[in-house]
Amino acid sequence: MAEAHPVTGQLFDSPVPPGTGWPGDPAQPTTAVAHDARQVRELALEATLAELDARVSVCRACPRLVAWREEVATTGRRASFARQPYWGRPVASLGPADAPIYVVGLAPAANGANRTGRMFTGDRSGDWLWAALYRAGLAMQPTSLHAGDGQGLRGVRMGAAVRCAPPANKPTTAEQAACLPWIARELDLVRPRVLLALGGIAWRTVLRLARDAGWQVPRPAPHFGHGAQALLTRLDGGQVTLLGSYHPSQQNTFTGRLTEEMLDQVLARAKALGGLP
């Protein structure tokens, strides 16, 4: 049964079919769909940024993730969102194509971005991150509740190592590898000066991407930690700074492992390294 979008009031099925009018949906019914890891590599290889976002949002390469994200979107919803349509598809990146800062997350939350269709939107981790981005002057609003609510980014683009909500927030090694070409192509197109990794998986994803692309990576491999920093060098000699931050998960924020001040400091350093005022 179709349900009304919380912002626009338009009726949608769950999961949301591509090209039906969901705010910010980059895909159309004719968008090419990857059904396995080989097709992900092929569809990512020569894609423009717009094509890449669209193809990411309809990917079906990982059967376990497809089944889980769609189960959550239909029968596994949280009670407080029971009358909302669920996106139920992979989540594309968000932010300007020329952003000097790129934030790398882990994966969409089952009842967060998997519901709203926008990265880091609609869950507690997103609440923390967007509030910090707003304090840093990098977001237009202090909250991000739904696609279509007017939120946007300045000088920052956000993506994730894995684009589908994984069970227990734990994608398998094979699922991470299958998703890797999407973000690899995106970073090649965006060419940010700063990569901010939220958590250890995001940190290791960036290092793997850099090695696969033939970049110079420090040896021994730099260890992840909050405030960790490493300098990576592209094949053309351009330098990219990798920054680490604890993920703004409830486990980290409730225990005080990550505080607002700690996150603000990392974002301030990212802005300085990215040349933003």
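How many helices and strands does the protein have? In this predicted model, the protein has nine helices and seven strands. The chain holds 277 residues, and a compact globule of that length would have a radius of gyration near 19 Å; the value for the protein is 18 Å, which agrees. Along the principal axes, the C-alpha trace spans about 55 × 40 × 30 Å. Buried residues make up 54% of the 277 residues. The surface that the protein exposes comes to about 12100 Å², and carbon and sulfur atoms supply 53% of this area. As for contacts with a separation of 6 or more, 67% of them are accounted for by residues 24 or more positions apart.

A good place to look at such links is the set of aromatic rings. The structure holds four aromatic pairs. One of them joins Phe12 and Trp22 in an edge-to-face arrangement, with 5.0 Å centre to centre and 65° between the planes. This pair links distant parts of the chain: Phe12 belongs to strand β2 (residues 11–12), while Trp22 lies ten residues away in the loop between β2 and α1 (37–45). Phe12 and Trp22 are both buried. Trp22 also pairs with Trp87, and here the geometry is tilted, at 5.9 Å centre to centre and 50° between the planes. Again distant parts of the chain are linked, with Trp22 in the loop between β2 and α1 and Trp87 in the loop between α3 (63–74) and β3 (101–105), 65 residues apart.

Through these ring pairs, Phe12, Trp22 and Trp87 are linked into a cluster. Why does Trp22 count as buried? Its relative accessible area is 4%, and the cut-off for a buried residue is under 20%. By the same cut-off, Trp87 counts as buried because its relative accessibility is 1%.

Charged side chains join the picture at two rings. The charged end of Arg89 sits over the ring of Trp87, 4.0 Å from the ring centre, so that the description of the cluster member Trp87 includes a charge as well as a ring partner. At another site, the ring of Phe81 has the charged end of Arg115 over it, 3.5 Å from the ring centre.The cysteines tell a simpler story. A search of the whole structure finds zero disulfides. For Cys164, the closest cysteine sulfur is that of Cys59, and the 6.3 Å to it is too far for a bond. Cys164 counts as buried, at 9% relative accessibility. Cys179 is likewise in no disulfide, and its nearest cysteine sulfur, again that of Cys59, is 6.5 Å away. With a relative accessible area of 10%, Cys179 is buried.

Cys164 appears once more in the surroundings of Leu65. Leu65 is found in helix α3 and counts as buried, at 2% relative accessibility. Which residues is Leu65 in contact with, leaving aside its neighbours within four places in sequence? These are Val162, Cys164, Ala165, Pro166, Pro167 and Glu175. Leu65 and Ala136, by contrast, are 71 residues apart in sequence and 34 Å apart in space, C-alpha to C-alpha.

Key. Residues numbered from 1 in each chain as written. Predicted model: local features only at pLDDT ≥ 70, side-chain atom pairs only at ≥ 80, totals over all residues. Heavy atoms only, no water. Phe/Tyr/Trp six-rings, centres within 6.5 Å; stacked < 30°, edge-to-face > 60°. Helix = DSSP H or I, 4+ residues; strand = E, 2+ residues; numbered from the N terminus. Buried < 20%, exposed > 50% of the residue type's maximum accessible area, 1.4 Å probe, protein only. Lys NZ or Arg CZ within 6 Å of the ring centre and 35° of its normal. Rg over C-alpha atoms; globule rule 2.2 N^0.38 Å. Contact = heavy atoms within 4.5 Å. Areas by Shrake-Rupley, 256 points an atom, 1.4 Å probe, with all protein chains shown as cover. Disulfide = S-S within 2.5 Å.
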